[in-house]
Amino acid sequence: MVKDDTVDVSIVIPARNCRPYLDRCLTSALVQRVAAEIVVVDDGSTDGTAELLGLYAEYHRDRFKVVRLEGSGGAGRPRNVGLDHAAGRYVFFCDADDYLGPEALERMVAVADANGSDIVLGKIVGHGRRAPASMFHHNADRAELGASAVYNSLSCFKLFRREMLERHRIRFREGLLVGEDIYFTVHAYCHAGTISVVADYDCYHLVARADGSSIMQQPDSRDPLAWLHMIRGPIGLMTDHVPPGPLRDHLLLRHFRLDVFAQLGAPFLEAGEVRRKEIAQAVAGLCDQWLTPGVYRGLTGTDQQRLAALGDVDRLARLADLEGATVRRKLTGLCWDGDRLAVTVAVDLEGIGVPDAVSLVLRTRDDPRRELVVRARPGDPGESAEPGRRYTARVDARALGSGIWDVRVSAEREGVLRTGRLGADRDGALVLPAPRLIGAAAVLPYFTRDNGNLSVDVGGYVVGVPGSVRITRTRWSLGRRLVIDGEITVAGGVPPEEAVRRLVWRERGSGRERADVVAALPGGGFVARPAVGRLPPGTWDAYLELDLGGPPARFRIETEAATVAAPRRWLGGSALLSVRPYATSGKGRLSTVVRQLSARAVIRRIMR
């Protein structure tokens with residue numbers, strides 16, 4: 001293949017004994033709507049993979065190339081060989097048992113071309129395997145390496161600008177069974193000028209093999225000592241390129257949190273006594289070399305305790321036990337206490353006992369960094385069928401900003417925090433408290449549809465805000481205007497005057513809208529003077545729009561037939577305009593029929 005700019009993306013696929021998965025992977029590559037070439041490196045397969053690749057190469061000669069190796073034992077060499085054969089402006093690495101979303105490369109290339117991106121992260125979803133998530137909350141044209149979560153993802157399943165890879169000779173570490181792509185991706189991050197994120201589309205599907213035969217599914221693929229030895233290389237590579245300071249500390253914190261101290265959790269408990277000591281020593285060596293004061297300040301309380309206990313293997317095991325303990329929690333009470341939502345929960349740590357402290361943690365769904373922590377006070381011990389002790393927290397609804405807040409329980413024991421969503425297990429007699437208007441915001445506690453967990457909707461994003469807008473009087477005024485007097489109640493209260501936005505008329509057939517000014521009055525009253533005589537012909541339904549802390553909330557305007565003004569007619573030029581306000585049958589809501597008749601049509605009606 002000639003290397004030129006006519007190929008947008010080179011899709012590099014290392015393949016070794018993956019025949020059952022290969023069709024899906026290759027098909028997903030072929031349907032990409034970009035100018036793509038597919039470079040497959042067969043790493044000594046013996047299961048029919050080579051024969052299948054031969055068929056694809058024969059039928060797709062213009063887009064498909066197969067390179068054969070004797071068998072390297074890892075993915076590093078096949079990927080490097082594939083990269084050496086790549087001709088595209090960009091390179092995307094895909095494993096043979098995974099597959100791409102149909103629009104993945106089209107979307108990623110569009111973002112890269114628009115922003116001059118050197119790396120584009122496309123959303124990864126897992127099928128039987130855990131997929132990274134922290135970097136995929138929002139799309140980002142330019143994600144700062146030191147102020148985002150992109151560095152949390154060190155896999156190579158990304159779009160890379162090939163010119164950057166060649167200029168800095170960025171390659172995979174060969175001879176490793178695991179971690180070879182961490183070297184590659186760390187090196188690429190260090191040289192990337194612009195990093196972008198596509199978070200609103202499932203770009204890459206990470207698949208667990210049903211037979212557990214992939215390298216990452218092997219029991220020893222994450223041996224803690226081997227991992228701690230391997231990760232020294234990428235950390236050293238990063239520190240060679242990034243000078244001391246906040247950026248380096250941010251990147252080091254990721255390594256200590258996800259690569260280093262993680263080995264003191266479940267892997268530590270699974271190791272024997274001798275290996276536990278060796279793991280602790282290996283962690284201590286990494287800390288001595290790279291753990292700066294800036295990194296220390298970013299550590300969780302649990303990891304800070306681990307750092308202090310590196311010389312005490314028994315204490316490290318105790319911390320690991322605590323970290324792995326399940327939080328047993330049951331929601332036993334939920335009610336309003338003034339403007340506070342009183343939440344009572346029975347809690348203990350399975351196998352450990354009663355926590356030292358319990359808190360409610362509320363996080364917004366669109367931005368988990370927005371968090372409110374409320375300490376719960378202990379009460380009476382729980383009943384025999386419940387966890388160990390009851391705790392009550394009172395959440396000040398005024399402290400919750402606009403958004404959907406998911407409620408979690410956080411249980412602390414010996415400085416270790418364990419959390420879990422709250423609400424799925426709850427008292428059968430528990431009654432969900434009614435929505436409440438607090439200030440200008442509607443606050444609506446609810447249980448999620450999928451798992452039945454407790455959340456609080458501030459502003460009416462997913463839960464409809466209960467309310468009523470009723471007409472007390474209507475009358476005609478000058479300028480073909482219908483004067484409307486009414487009153488509003490929302491969630492059992494009276495909204496403040498600033499919450500009342502506008503009167504909206506929506507034409508029933510076309511969906512066209514017209515808006516009129518509304519004057520809010522003290523005590524929940526309002527007055528509007530819409531020029532209904534100037535609406536185009538059609539049937540128009542009336543809504544009052546309010547700002548209740550979230551998206552605009554619309555309420556149909558309710559009325560009784562006796563309250564609605566009589567129809568009116570106006571003669572304008574050669575046409576007769578007829579306007580008939582009325583209360584709809586059934587629920588009695590304000591609508592208006594507007595008709596325009598020509599002089600000829602009027603005469604015909606008279607002559608009938």
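Two strands are said to pair if DSSP finds at least two bridges between them. Helices (H or I, at least four residues) and strands (E, at least two) are themselves DSSP runs, numbered from the N terminus. The structure is a predicted model, in which local features need pLDDT of at least 70 and side-chain atom pairs count only at pLDDT 80 or more, while totals for chains, interfaces and linings use all residues. Residues are numbered from 1 along each chain as its sequence is written, and side-chain values use heavy atoms, with hydrogens and water left out.

The chain as a whole contains 14 helices and 28 strands. Along the principal axes, its C-alpha atoms fill a box of roughly 95 × 70 × 45 Å. The radius of gyration of the chain is 32 Å, whereas a compact globule of 608 residues would have a value near 25 Å; the radius is taken over C-alpha atoms, and the globule rule is 2.2 Å times the number of residues to the power 0.38. Of the 608 residues, 52% count as buried, where buried means under 20% relative accessible area, exposed over 50%, and partly exposed in between (1.4 Å probe, protein chains only). A contact is defined by heavy atoms within 4.5 Å. Among the contacts in the chain with a separation of 6 or more, 70% come from residues 24 or more positions apart.

The surface and the charges complete this overall view. About 27,800 Å² of the chain is accessible surface, and carbon and sulfur atoms account for 48% of that area; accessible areas come from the Shrake-Rupley method with a 1.4 Å probe, and for residues only the protein chains shown count as cover. There are 83 positive and 75 negative side chains, with 11 Å between the centres of the two sets. Lys and Arg count as positive and Asp and Glu as negative, while His and the chain ends are not counted; each charge is placed at NZ of Lys, CZ of Arg, CG of Asp or CD of Glu.

Among the strands, eight build an open sheet of mixed pairing in the order 3-2-1-4-7-6-8-5. Its edges are strand 3 (64–69) and strand 5 (99–100), each of which pairs on one side only. Strand 4 (residues 90–93) is joined to strand 7 (residues 159–161) by 3 bridges in the antiparallel sense, and Val91 stands opposite Phe160 in strand 7.

Further along the chain, strand 11 (residues 357–364) is mostly covered, with 7 of its 8 residues buried. Strand 11 runs antiparallel to strand 14 (residues 403–413), and 8 bridges join the two. Within this pair, Leu362 faces Val407 in strand 14.

Three loop residues deserve attention. Glu414 lies in the loop between strand 14 and strand 15 (416–421); its phi is near 55°, a positive value in a residue other than glycine. Glu414 counts as partly exposed because its relative accessible area is 26%. Arg480, in the loop between strand 19 (467–477) and strand 20 (481–490), is not a glycine either, yet has a positive phi of about 60°. With a relative accessible area of 24%, Arg480 is therefore partly exposed.

The third residue, Ala440, occupies the loop between strand 16 (436–438) and strand 17 (441–447). Ala440 has 31% relative accessibility and so counts as partly exposed. Beyond its neighbours within four places in sequence, Ala440 is in contact with Pro496, Asp547, Leu548 and Gly549. Arg589 is 149 residues from Ala440 along the chain, and their C-alpha atoms are separated by 25 Å.
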